[in-house]
Amino acid sequence: MELLADVWRWFTDPAQWQGRSSIPVHLWQHVRLSGVSMVLALVVALPVGVVLGHVRRGGVLAVNVSNIGRAVPSFALLVLAFGAFGIGTTPAYVALVALAVPPVLTNAYVGVAEVDAQIRESAVAMGMRGREVLRRIELPLAVPLIMAGVRTAAVQVVATATLADLVGGGGLGRYIILGLRTRDNVVAFGGALLVALLAVLTELLLGRAQRRLTPRGIRGDEIVVPQGSSTPRAADVPVA
Amino acid sequence: MPVFAQLYSREAWIDWSWVADNTDRLRAATWEHVALTVIAVVIGLAISLPLGVAAARWRRLYTPVISVTGLLYTIPSLALFVVLVPVTGLTRTTAEIGLVSYTLLILIRNVVAGLDGVPGDIREAATGMGYGELRRLVRVELPIALPAIMAGVRIATVTTVGLVTITALIGQGGLGTFILTGLNRDFRTPVVVGSALSVALAVVADLVLLAVQRTLTPWTRAAAT
């Protein structure tokens, strides 16, 4: 309990809230690292996943990319990027984008490719062309799964951005890493609380966005991912 | 761009003489990694099976159980480890509590999904044959749910193998130690070797578990082909 009081004192110390190494500065670094990485990953992964799903090709690749992604530890990815690009924010961005692409790509593919064939055929029978089927039928129906992938990726990116400071990338991880190095439980604990809050907030906001973006007709029920198949499915199962 | 200078610079990505000099340490760390993973998944399963069975049986439990484990899953692993340090110290226990927490959501979800997938008429047939509730669960429902449960175990295991690398930051062993050493000394070889071994471990674990699943559920093989 002594510790919690100290953490509280650390939080309320005005010195933590102004200047170049204050909490807001590190928070902003963390948010920027995560946000920019997510945008870059979406720009790369969404079109590829959606198009592959639409033409229903490359499914093995699209699904396996996230299984492979799961096997590569984010910590390893970050330090390998450091080996390649040296110290700073660059290795952090490279690692975070690489981390975010697989879940987004796989879920976009699965979401679009697994739209019920009968629905698709009726759209064609109604005279829709390929692109129209994609835009008016497949994409809206794929939204829950696509957003689940975005959510999974974003939470993972926020979590891994915590390690970015190890390679000089800044962010809230600074407090945790500094605290661990100097055996200062108060600073480490304070940093951990901030990171945890940010991750939970990300999850909640994107969860709300997911519900908002889902077409009304298919809202309400949870996304059911078929679990009977023998291979683990990437779809809604979170990736850490 | 100065950033890319590093790409062509200095040492090679792997220095085989370092690998040759450190085989014993690498072997020890690999086993430590395996042990940390196995303990986490086994404890995780021991918690998730009863909770999953209960959540499938009493629906009202499902949402709170998934919410709590989902919250645990959302908290970044390093943050969770650090929050535990004041209580359990820089110990193996801290690492395991964190690792177990991450397996729960995946495992419980799959246990419930597996049990939900048991067809109602099979359940009724078992009851009709005089099976009590417990015996029906153990002899009929769990075996049918096994492929889904094992799918969860595989995902949880692969995820845990990756997370164990982070326990190096709280002074626990495993292959993350080499990644951290390489980072601190700006020496690529330990990073590459530690990462490669961790990925290899995840792949091998996944294949072993797949083989276990096939052995335990011979009937799914006939259906698949």
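**How the terms apply to this predicted model**

Q: What makes A:Ser37, A:Met38, A:Ala41, A:Ala153 and A:Val157 residues that A:Ala100 touches?
A: Two residues are in contact if their C-beta atoms, placed from the backbone, lie within 7 Å, and A:Ala100 touches these five, residues up to four places away in sequence not being counted: A:Ser37, A:Met38, A:Ala41, A:Ala153 and A:Val157. This is a predicted model, in which local features need pLDDT of at least 70 and side-chain atom pairs count only at pLDDT 80 or more, while totals for chains, interfaces and linings use all residues. Residues are numbered from 1 along each chain as its sequence is written, and chains are lettered from A and ligands numbered from 1 in the order in which they are written.

Q: Which residues touch the most other members of the largest nonpolar core, and what makes it a nonpolar core?
A: A nonpolar core is a set of buried Ala, Val, Leu, Ile, Met, Phe, Trp, Tyr and Cys residues joined through C-beta atoms within 7 Å, where buried means that 20 or more other C-beta atoms lie within 10 Å of the residue's own. The largest such core has 131 residues, and A:Leu78, A:Ala100, A:Val104, A:Ile176, B:Ala79 and B:Val82 touch the most other members.

Q: What share of chain B is buried?
A: Of the 225 residues in chain B, 45% are buried.

Q: How many helices and strands does chain B have?
A: Helices are DSSP runs of H or I with at least four residues, and strands are runs of E with at least two; chain B comes to 11 helices and 0 strands.

Q: How many residues does each chain give to the contact?
A: Chain A gives 39 residues and chain B gives 50.

Methods: Buried ≥ 20, exposed ≤ 12 C-beta atoms within 10 Å, placed from the backbone.
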